[in-house]
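Dear colleague,

I am handing over a structure that will be new to you, and I would be grateful if you could look through it alongside the notes below.

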Amino acid sequence: MKTLSPTSIILGASRLGERPGADELADALIRSRLGYVDTSNNYAGGHSEQALGDAIRRAGGLPGHTRIYSKADSDPDTGVFDGDRVKRSLDESLTRLGLDSLPLYQLHDPYGLTVAEAMGPGGAVPALIDLRDQGVIGAIGIASGTLSQVQEYVDTGAFDVVLSHNRYTLVTRTAEPVFQAARAQGMTVLNAAPFGGGTLANGDTSFGYRTMPADFAAHVSRVRSLAVDHGVDLAAAALHFSMRSPLVDATVVGITSTARLEALGPLIDARIPDDFFDAVESLGTPPPGVDD
Ligand SMILES: NC(=O)c1ccc[n+]([C@@H]2O[C@H](COP(=O)([O-])OP(=O)(O)OC[C@H]3O[C@@H](n4cnc5c(N)ncnc54)[C@H](OP(=O)(O)O)[C@@H]3O)[C@@H](O)[C@H]2O)c1
């Protein structure tokens, strides 16, 4: 098992390239000292990696204090996600980014294949292991799929890192057993989407990119009211729920603009009293949210 020592915050670039201002944001992301950068082969159809690569070239190289983490994706035309595709995916990522190697490359959203297929001969995971053995990738990770798939991947013992999203937040806990299992193996745990995709920071009415079931929405409202009662900022509290967890090595926060990046520092520096988190716990186990 290779250990990764990430910064406690990782800047999520999944929307980079979808909105105007991508160059300015990419420049700011690679310059930022708040955290490393998370991207993927398929974010914004490849524009996220491309924008980061363009920023790296403008800067004359990746600044020494930062790291780019990326992920392998299935073939966008055929959906194939085998070992050959993983190697092509990495070639595409390295070309766009203009880098020779990556400290972390993860199997991204392998919903369309079974764990046995991914682990078998010619499969995606042996290819990742091979690339790690060659030193082109420093560490390999499993970055989602259904919760039970992620648990199975963790149980294989093949990975250095697990990334889950939206399932371990101020209002959700379903990823906790997976994180505990990963921890027990010495894996690095990356907890993405602490705001539930935006909801806990910008008030969006969806959670985890989907409509909230009524009982879950009621739970979110109760937590929102507790934040008002305790005089705490909900976004800061949601971020700190993840940052303070002993199960989490790094929290991956989605950054959509330079303004959002500037707002992140004060959220990180905010002090959230323990009694707020105690009050949230006293609401009991959150009802099932939008998990798959
Ligand atoms: N399978 C995977 O590997 C996977 C899956 C999901 C996520 N991720 C990674 O995790 C990152 C985070 O996930 P996410 O972006 O979906 O969810 P998130 O971090 O829970 O929420 C991010 C959203 O919150 C809003 N926001 C950010 N800062 C804010 C602030 N200061 N005030 C108000 N709103 C703010 C932004 O939306 P607006 O600016 O539009 O308001 C942003 O899109 C992704 O970028 C990606 O890198 C990985």
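Which residue has a polar backbone atom 2.8 Å from an oxygen atom of the ligand? The residue is phenylalanine 195, and such a pair is a polar contact, meaning N or O atoms within 3.5 Å. Please keep in mind that this is a predicted model, in which local features need pLDDT of at least 70 and side-chain atom pairs count only at pLDDT 80 or more, while totals for chains, interfaces and linings use all residues. Residues are numbered from 1 along each chain as its sequence is written, and side-chain values use heavy atoms, with hydrogens and water left out.

Two side chains also reach oxygen atoms of the ligand: a polar side-chain atom of tyrosine 209 lies 2.5 Å from one, and an N or O atom in the side chain of arginine 19 is 3.0 Å from one. Taken alone, the ligand exposes 900 Å², of which the protein buries 91% (accessible areas by the Shrake-Rupley method with a 1.4 Å probe).

Around the ligand there are 31 residues, counted when one of their heavy atoms lies within 4 Å of it, and those that come nearest are Ser14, Asp38, Tyr209, Thr256 and Arg260.

The ligand sits in the largest pocket, in the sense that more than half of its atoms lie within 2 Å of the pocket's grid points. A pocket here is an open set of points on a 1 Å grid over the protein atoms alone, where a 1.4 Å probe fits, with protein on both sides within 12 Å along at least five of seven lines; lining residues have an atom within 4 Å of a point. Of the 38 residues that line this pocket, Gly197, Gly198, Val253, Gly254 and Ile255 are the closest to its centre.

With best wishes

Definitions and conventions
Polar contact = N/O pair within 3.5 Å; in protein donor to acceptor, adjacent residues only side chain to side chain.
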